[in-house]
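Colleague: Could you take me through the salt bridges in this one, and through whatever sits around the charged side chains? I'd like one connected story rather than a list.

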Amino acid sequence: MKKIKTIPFDFVLDELFPVDPVTRPMFGGYAIYVKDKIVMMLRKKDTLVHDNGVWLATTFEHHESLRKELPSMRTIRLFGGKESGWQNLPEDAPDFEEEVSHACRLILKGDVRLGKVPASKKKATPAKKSALKKKKVPKKATPEKKRPIGAKKTLKKKKS
């Protein structure tokens, strides 16, 4: 019998319901998208349990201000312990549900500190667009230069 997977911390979906969240499986968890942005990932696994919780999609520049509002927010160890754009509200934090609810309210308000447009969805910058336009297209061979398949090239003899 196939095991039915459930989305962990599904109260997040209830709280984000007004903005029509979409879930997609990602890295053994569930990514939460709002419009064109990934805003969170819900993770609860039997391995590396210290990283279980709600992962927030943010950037380095917003970590300090977010930590003032979400004191249990920390770096994800699964990424080698290095500071990354993703941050974790750990499941084992004493105020886990309260902090996750606060993060959901920030998302509902459209707080720019939370959410990232995935790389594949980002629009090309003007510099990239012009580089794409300038890309040289190889010229096609002119008809007189083509030979039928299997035809041998004949060499012209020089007059002596």
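Modeller: Let's fix the term first: a salt bridge here is a side-chain nitrogen of Lys or Arg within 4 Å of a carboxyl oxygen of Asp or Glu. By that rule, a search of the whole structure turns up four of them. Bear in mind that this is a predicted model, where local features need pLDDT of at least 70 and side-chain atom pairs count only at pLDDT 80 or more, while totals for chains, interfaces and linings use all residues. Residues are numbered from 1 along each chain as its sequence is written, and side-chain values use heavy atoms, with hydrogens and water left out.

A quick map will help. The protein has four helices and six strands, which are DSSP runs numbered from the N terminus (helices are H or I with at least four residues, strands are E with at least two). Along the sequence they come in the order α-β-β-β-β-α-β-β-α-α. Of the 160 residues, 34% are buried, where buried means under 20% relative accessible area, exposed over 50% and partly exposed in between (1.4 Å probe, protein chains only).

Start with Glu 91 and Lys 44, whose side chains meet in a salt bridge at 2.4 Å, N to O. They come from distant parts of the chain, 47 residues apart: Glu 91 is in the loop between β6 and α3 (96–108), and Lys 44 is in the loop between β3 and β4 (53–57). Glu 91 counts as partly exposed because its relative accessibility is 26%, and Lys 44 is partly exposed at 48%.

Next comes Glu 83, which forms a salt bridge with Arg 67, the closest N and O atoms being 3.3 Å apart. This pair links distant parts of the chain too, 16 residues apart, with Glu 83 in the loop between β5 and β6 and Arg 67 in helix α2 (residues 60–69). With relative accessibility of 37%, Glu 83 is partly exposed, and so is Arg 67 at 29%.

Now look at Arg 113 and Asp 111, where the side chains meet in a salt bridge of 2.8 Å, N to O. Arg 113 is buried because its relative accessible area is 12%, and Asp 111 is buried at 16%. Glu 69 joins in as well: Glu 69, Asp 111 and Arg 113 are linked in a network of salt bridges.

Then there's an arginine that goes without. Arg 43, in strand β3 (residues 37–43), is buried yet has no salt bridge, and the nearest side chain of opposite charge, Asp 51, is 5.7 Å away. (For charge, Lys and Arg count as positive and Asp and Glu as negative; His and the chain ends are not counted.) What the Arg 43 side chain does have is a polar contact with the side chain of Asn 52 at 2.7 Å, meaning a pair of N or O atoms within 3.5 Å, one able to donate a hydrogen and the other to accept it, with residues adjacent in sequence counted only if both atoms are side-chain atoms. A polar atom of the Arg 43 side chain lies 3.1 Å from the backbone oxygen of Leu 48. Contact in general means heavy atoms within 4.5 Å, and leaving aside neighbours within four places in sequence, Arg 43 touches Pro 8, Phe 9, Leu 48, Asp 51, Asn 52, Gly 53, Trp 55 and Leu 78.

Two of those partners lead out to the surface. Leu 48 and Leu 78, together with Phe 79, make a nonpolar surface patch of about 240 Å². Such patches are built from residues with over 30% relative accessible area and no salt bridge, joining like charges within 9 Å and nonpolar side chains (Val, Leu, Ile, Met, Phe, Trp, Tyr) within 5 Å. Phe 79 is in the loop between β5 (74–75) and β6 (86–90), and Phe 79 counts as partly exposed because its relative accessible area is 35%.

Finally, helix α3 holds both Glu 97 and Ser 101. Glu 97 is exposed because its relative accessibility reaches 52%; the C-alpha atoms of Glu 97 and Val 54, 43 residues apart along the chain, are separated by 9.8 Å. Ser 101 is buried at 12%, and not counting residues up to four places away in sequence, Ser 101 touches Phe 11 and Glu 15.

Conventions:
Areas by Shrake-Rupley, 256 points an atom, 1.4 Å probe, with all protein chains shown as cover.
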